[in-house]
Amino acid sequence: MFRFISRLPQPLKALYILFIVVFIAGIIPVLLHVPDASRWMSVGIGTAGLLLGLCLVINLNKAAEGLAGAVAEEKLMGIDYSASFMAKPAFARFFGLMFVVVGASFIASSLTGQPAGGPCSHIAWKRP
């Protein structure tokens with residue numbers, strides 16, 4: 001994983017690391033049941049994901065090409081992706097677009113106080 005991240009161009013590498021750090025830093029207060037922690041975690045993860053996705057979509061400093069190259073060169077989990085559709089810059093840009101959509105929905109749902117949706121979003125979950 002570290003070799004994979006080291007192959008990424010800047011600023012994609014920094015945004016990738018930022019996303020991981022924000023996720024880890026955000027999940028700890030949620031697990032400790034800190035009030036409003038999930039709202040702030042959603043804002044942080046959404047912002048980091050939005051920035052990461054924008055970097056890929058606009059191909060900032062050849063970020064999409066760098067990600068596709070890293071996927072093609074590294075054998076993540078022992079699998080060779082070099083001939084896969086995931087080793088193409090177009091897929092990296094599509095992947096970035098999904099990060100933008102999900103990140104924006106995380107930000108919007110946490111700032112408005114509304115759930116992001118889904119089949120069970122109308123259920124009020126209660127702790128035992």
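Okay, let me start with a single side chain, phenylalanine 95: its relative accessibility is 35%, so we call it partly exposed. Keep in mind that this is a predicted model.

Who does that ring pair with? Phenylalanine 95 pairs with phenylalanine 91, and the two are stacked, with 6.3 Å from centre to centre and 25° between the planes. Both sit in helix 5, four residues apart, which is about one turn of the helix. Phenylalanine 91 is partly exposed as well, at 23% relative accessible area.

Now, phenylalanine 91 has another partner in helix 5, which covers residues 89-112: phenylalanine 94, three residues away, again about one turn. Phenylalanine 94 comes out at 45% relative accessibility, so that one is also partly exposed. How many aromatic pairs are there by this rule? The count is five. In the pair of phenylalanine 91 and phenylalanine 94, the ring centres are 6.5 Å apart and the planes are at 40°, so this pair is tilted. If you step back, there's one aromatic cluster that takes in Phe19, Phe85, Phe91, Phe94, Phe95 and Phe99.

Right, the overall fold. We have five helices and zero strands, so to speak a plain α-α-α-α-α run from the N terminus. Of the 128 residues, 30% are buried. And if you take the contacts with a separation of 6 or more, 68% of them are between residues 24 or more positions apart.

Next, the packing of helix 2 on helix 3. Helix 2 is residues 12-31, helix 3 is residues 37-57, and their axes come within 9 Å, crossing at roughly 170°. The cut-off for roughly antiparallel is over 145 degrees, so helix 2 does run roughly antiparallel to helix 3. What kinds of residues make up that contact? There are 18 nonpolar, four polar and no charged ones. On the helix 2 side you'll find, among them, Leu12, Leu15, Phe19 and Phe23, and on the helix 3 side the list includes Met41, Ile45, Leu52 and Cys55. Notice that Phe19 has come up twice now: in the contact with helix 3 and in the aromatic cluster.

Let me pick out Cys55, which is in helix 3. Is cysteine 55 buried or exposed? Its relative accessible area is 3%, so it's buried. Leaving aside neighbours within four places in sequence, cysteine 55 is in contact with Pro11, Leu12, Leu15, Leu60 and Ala63. There's also a long hop in sequence here: cysteine 55 and glycine 96 are 41 residues apart along the chain, yet 7.4 Å apart in space, C-alpha to C-alpha.

Leucine 12 is worth following too. With neighbours within four places left out again, leucine 12 is in contact with Leu52, Cys55, Leu56, Ala63 and Leu67.

That takes us to the core. Which residues touch the most other members of the largest nonpolar core? Out of its 16 residues, they are Phe4, Leu12 and Leu67. Helix 1 (2-6), helix 2, helix 3, helix 4 (63-73) and helix 5 each give two or more residues to this core. Helix 4 contributes the largest share, with five residues. As background, nonpolar side chains in soluble globular proteins tend to be buried together.

So, to finish where we began: helix 5 carries the stacked pair of phenylalanine 91 and phenylalanine 95, and helix 5 also gives residues to the largest core. Over to you.

Conventions:
Residues numbered from 1 in each chain as written. Predicted model: local features only at pLDDT ≥ 70, side-chain atom pairs only at ≥ 80, totals over all residues. Heavy atoms only, no water. Axes fitted to C-alpha atoms, helices over the stretch in contact; angles between N-to-C directions. Parallel < 35°, antiparallel > 145°, perpendicular 65-115°, else oblique. Contact = heavy atoms within 4.5 Å. Nonpolar A, V, L, I, M, F, W, Y, C, P; charged D, E, K, R; others polar. Phe/Tyr/Trp six-rings, centres within 6.5 Å; stacked < 30°, edge-to-face > 60°. Buried < 20%, exposed > 50% of the residue type's maximum accessible area, 1.4 Å probe, protein only. Core = buried A, V, L, I, M, F, W, Y, C linked by side-chain atoms within 4.5 Å.
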